[in-house]
Amino acid sequence: MAQNLRVPGPTPLPEEVREAQSAPMIDHRGAEFGEMLRGISGGLAGLIGTSGDVLLLTGSGSGALEAAVVNTLSPGDRTLVVTIGAFGDRFAKVAAAFGAAVERFEMPWGHAANPAALAAHLASQSAYRAVLITHNETSTGVTNPLRELAGAVHEAPGEPLLIVDGISGLGALPFEMDAWGVDLVVSASQKAWMGSPGIAMAAVGPRARAAGEVARMPRFYWDFAEARKWAEKGQTPWTPAVSVLYGLHVGVRRLVEEGRERTWARHAAIAAGAQAGLEALGLRLVAAPADRSHTVTAAWLPEGLEWAPFNAAMRARGLVVAGGQGAWVGRILRFGHMGDVSIEEIAAGMWVMGQTLTDFGRPADSEAAARAARSAYEAAQAATTR
């Protein structure tokens, strides 16, 4: 049975990516590899709007968070972490683990950070060395208004670094690194970039690069200076995940060919379809309309519906969605829609979920939900072409 994978990463792989990943191995110190590495880095730079360095590191997104911290900060540095969910909390834990003096600007789960409130907080405090922000919080299906939050950071005393977790947003959501003044942003291959897990990315602006020259947190494997030195030769300092890079090269090329504005609009339209479909099933979405993510939608489970058997029944029908995290385990479901996804896959997911809800005594109209998803998607698409 074909699996309809609707988790917020790893995302489904296009056939072209799967084929690329099966190519024969090459010398990671050779010219062919160097050409591929530069092609990926250059494509990523254009897609996120930066003229700075884009470094490719073999590891997970959490490794990229660690790399962002240790390459910019020193033990004792006052660091503000804007957290709106589980992954903002993770960013704070990483910084604290290496000795940063972490403070939290917390919002209730399910809400985006308020730029005016952040600006007021920053203005009332002594200078921070850095502000860490999660762009897109997959634990709650909420996207932060990053451009406005960046503006608040830039007005803060002491000109703190702006360091962004872009793992689940880059490649799908509007992002202008240089124009918004983002000093460092990280991402990972298995999200909107349509690659397999295994490659972390770091886009490093000039202020973050300068910070690395004085940062005193310990680093070896995640050393940006070492990665940059080898990247100039078309290589990586350590043995890379070559097969993953084969696929990522294809995924990035596809996005470059599509054009980032069209990619952003496509994700917005797919998200509109998914959200309309879930609501047509009678589910209540977690985030307010203005805060809803274009890569994953979170919905509250109906009162009394036990997650584990409900999830198992959906999986038995081929639909794989994610459950809640932390305090929200067993309370929400998370429906992913980033990367290589069509509206028909979204509609099929709605049909299965509706059938399963009905089996569990929560009558739902599967056909109506699938129609609602298609209709909202088509309306959103039409709005972008006017």
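These notebook entries record what I looked up in a predicted model.

**Entry 1: strand S3**

I began with strand S3, which spans residues 78-83. I asked how many of the six residues of S3 are buried. The count is five, so the strand is largely enclosed by the rest of the structure.

I then looked up the strands to which S3 is joined. Strand S4, residues 101-106, runs parallel to S3, and six bridges join the two. As one pairing, I noted that Thr-83 of S3 has Glu-106 as its bridge partner in S4. I also followed the chain between these two strands: from S3 it passes through helix H4, residues 86-97, before reaching S4. This β-α-β crossover is right-handed.

Strand S5, residues 130-134, is likewise parallel to S3, and the two are joined by four bridges. Here I noted that Leu-80 stands opposite Val-131 of S5.

**Entry 2: Arg-228**

I next turned to Arg-228, which I found in helix H9, residues 224-231. Is Arg-228 buried or exposed? Its relative accessibility is 10%, and because buried means under 20%, Arg-228 counts as buried. I then listed its contacts, leaving out residues up to four places away in sequence: Arg-228 touches Asp-53, Leu-55, Val-204 and Arg-209.

**Entry 3: the cavities**

I looked for enclosed spaces and recorded four cavities of 30 Å³ or more.

The largest cavity has a volume of about 100 Å³. It is lined by 13 residues, of which Leu-56, Leu-57, Thr-58, Thr-236 and Trp-238 are the closest to its centre. Which strand gives the largest share of this lining? I found that strand S2, residues 53-58, does so, with three residues. By class, I recorded ten nonpolar and three polar residues in the lining of the largest cavity, and no charged ones.

The second largest cavity holds about 60 Å³ of space. I listed its lining as Leu-37, Ser-41, Val-54, Leu-55, Leu-56, Ala-227, Ala-231, Gln-235, Thr-236 and Pro-237. At least two of the lining residues come from each of helix H2 (31-48), S2 and H9. S2 gives the most, with three residues. The lining of the second largest cavity has seven nonpolar residues, three polar residues and no charged residues.

**Entry 4: cross-references**

Comparing my lists, I noted that Leu-56 and Thr-236 appear among the residues closest to the centre of the largest cavity and also in the lining of the second largest cavity. Leu-55, which Arg-228 touches, is one of the residues lining the second largest cavity.

How values were computed:
Residues numbered from 1 in each chain as written. Predicted model: local features only at pLDDT ≥ 70, side-chain atom pairs only at ≥ 80, totals over all residues. Heavy atoms only, no water. Buried < 20%, exposed > 50% of the residue type's maximum accessible area, 1.4 Å probe, protein only. Pairing = 2+ DSSP bridges. Right-handed = clockwise from strand over helix to strand, strands pointing away. Contact = heavy atoms within 4.5 Å. 1 Å grid on protein atoms, 1.4 Å probe; cavity = no way out; pocket = protein on both sides within 12 Å on 5 of 7 lines; lining within 4 Å. Points joined across faces, edges and corners; volume = space filled by probe spheres on them. Nonpolar A, V, L, I, M, F, W, Y, C, P; charged D, E, K, R; others polar.
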